[in-house]
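User: Please take a close look at a single part of this structure and explain it step by step for a first-year student. I should like to know which residues take part, how they are placed, and how the neighbouring pieces meet.

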Amino acid sequence: MLNTLENLVKLARERKSTPVEGSYTNKLLTDKSLSKAKVLEEVDELIEAVEENSNITHEAADVFYHLLMYLEANDIKIEDVMSELEKRKKWVTMLIISLQKF
């Protein structure tokens with residue numbers, strides 16, 4: 001399952017280093033305004049899909065794809081995002097343990 005996300009990151013990085021003419025992925029990676037607009041659009045579409053209980057997984061997949069491309073376009077590594085999430089998990093765990101002592 002997570003291999004799919006890893007493959008999308010690999011694709012983005014390959015396209016950045018070796019662009020493919022006419023590639024939608026390349027357009028997102030080189031046009032930061034387009035990339036930003038697509039993330040915002042796709043998040044709105046996901047919210048609407050959830051509220052209408054329709055096409056949710058399709059819209060969620062669009063959000064993941066466009067967010068990954070936006071991050072890569074802005075040289076934000078998913079590894080750094082995952083590291084931040086891991087830190088937060090540790091912090092929450094430590095907080096829970098501390099609270100249990102009371």
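Analyst: R13 counts as partly exposed, because its relative accessibility is 26%, and partly exposed residues lie between the limits of 20% for buried and 50% for exposed. This value, like the others below, comes from a predicted model. R13 belongs to helix α1. Leaving aside residues up to four places away in sequence, R13 touches E72, K77, I78 and E79. One of these partners, E72, is a residue of helix α4 that is met by α1. A61, by contrast, is 48 residues from R13 along the chain, and the two C-alpha atoms are separated by 19 Å.

The contact of R13 with E72 leads to helix α4, the part examined here. Helix α4 covers residues 56-73. It has 18 residues, and the distance from its first C-alpha to its last is 26 Å, close to the 26 Å expected at 1.5 Å a residue. Which residues of α4 are buried? They are E59, D62, V63, Y65, H66, L68, M69, L71, E72 and A73. A general point helps in reading such a list: an α-helix has 3.6 residues a turn, so residues three or four places apart point the same way.

How are two packed helices described? The description uses the angle between their axes and the distance between the axes. For α1, which spans residues 2-17, and α4, the angle is about 40 degrees and the axes are 10 Å apart. That angle makes α1 oblique to α4. The crossing of α1 past α4 is right-handed. On the α1 side, the residues in contact are L5, L8, V9, A12, R13 and K16, and on the α4 side they are F64, Y65, L68, M69 and E72. By type, the residues of this contact divide into eight nonpolar, no polar and three charged.

E6 also has its place in helix α1. With a relative accessible area of 45%, E6 is partly exposed. E6 and A37 are 31 residues apart in sequence, and their C-alpha atoms are 23 Å apart in space.

Helix α4 also meets α3, which runs over residues 32-52. The axes of α3 and α4 come within 8 Å and cross at roughly 155 degrees. As a result of that angle, α3 is roughly antiparallel to α4, since angles over 145 degrees count as such. The crossing of α3 and α4 is left-handed. From α3, the residues K32, S35, K36, K38, V39, E42, V43, E45, L46, A49 and V50 take part. They meet I56, E59, A60, D62, V63, H66, L67, M69, Y70 and A73 of α4. Here the residues in contact divide into 12 nonpolar, two polar and seven charged. M69 appears among the α4 residues that meet α3, and M69 is also listed in the contact with α1.

Within this second contact, is K38 buried or exposed? K38, found in helix α3, is buried, with a relative accessible area of 15%. Apart from residues up to four places away in sequence, K38 touches Y24, L28 and H66. H66 is itself one of the buried residues of α4.

The ends of α4 complete the picture. N53 lies in the loop between α3 and α4, and N55 is found in that loop as well. Phi of N53 is near 50 degrees, a positive value in a residue other than glycine. Phi of N55 is near 65 degrees, again positive in a residue other than glycine. N53 counts as exposed because its relative accessibility is 63%, which lies over the 50% limit. N55 is partly exposed, with a relative accessible area of 47%. Just after α4, at the other end, D75 takes a positive phi of about 55 degrees.

To sum up, α4 is oblique to α1 and roughly antiparallel to α3. The two crossings are right-handed with α1 and left-handed with α3.

How values were computed: Residues numbered from 1 in each chain as written. Predicted model: local features only at pLDDT ≥ 70, side-chain atom pairs only at ≥ 80, totals over all residues. Heavy atoms only, no water. Axes fitted to C-alpha atoms, helices over the stretch in contact; angles between N-to-C directions. Helix = DSSP H or I, 4+ residues; strand = E, 2+ residues; numbered from the N terminus. Parallel < 35°, antiparallel > 145°, perpendicular 65-115°, else oblique. Left-handed = near helix turned anticlockwise from the far one by under 90°. Contact = heavy atoms within 4.5 Å. Nonpolar A, V, L, I, M, F, W, Y, C, P; charged D, E, K, R; others polar. Expected span 1.5 Å × (residues − 1). Buried < 20%, exposed > 50% of the residue type's maximum accessible area, 1.4 Å probe, protein only.
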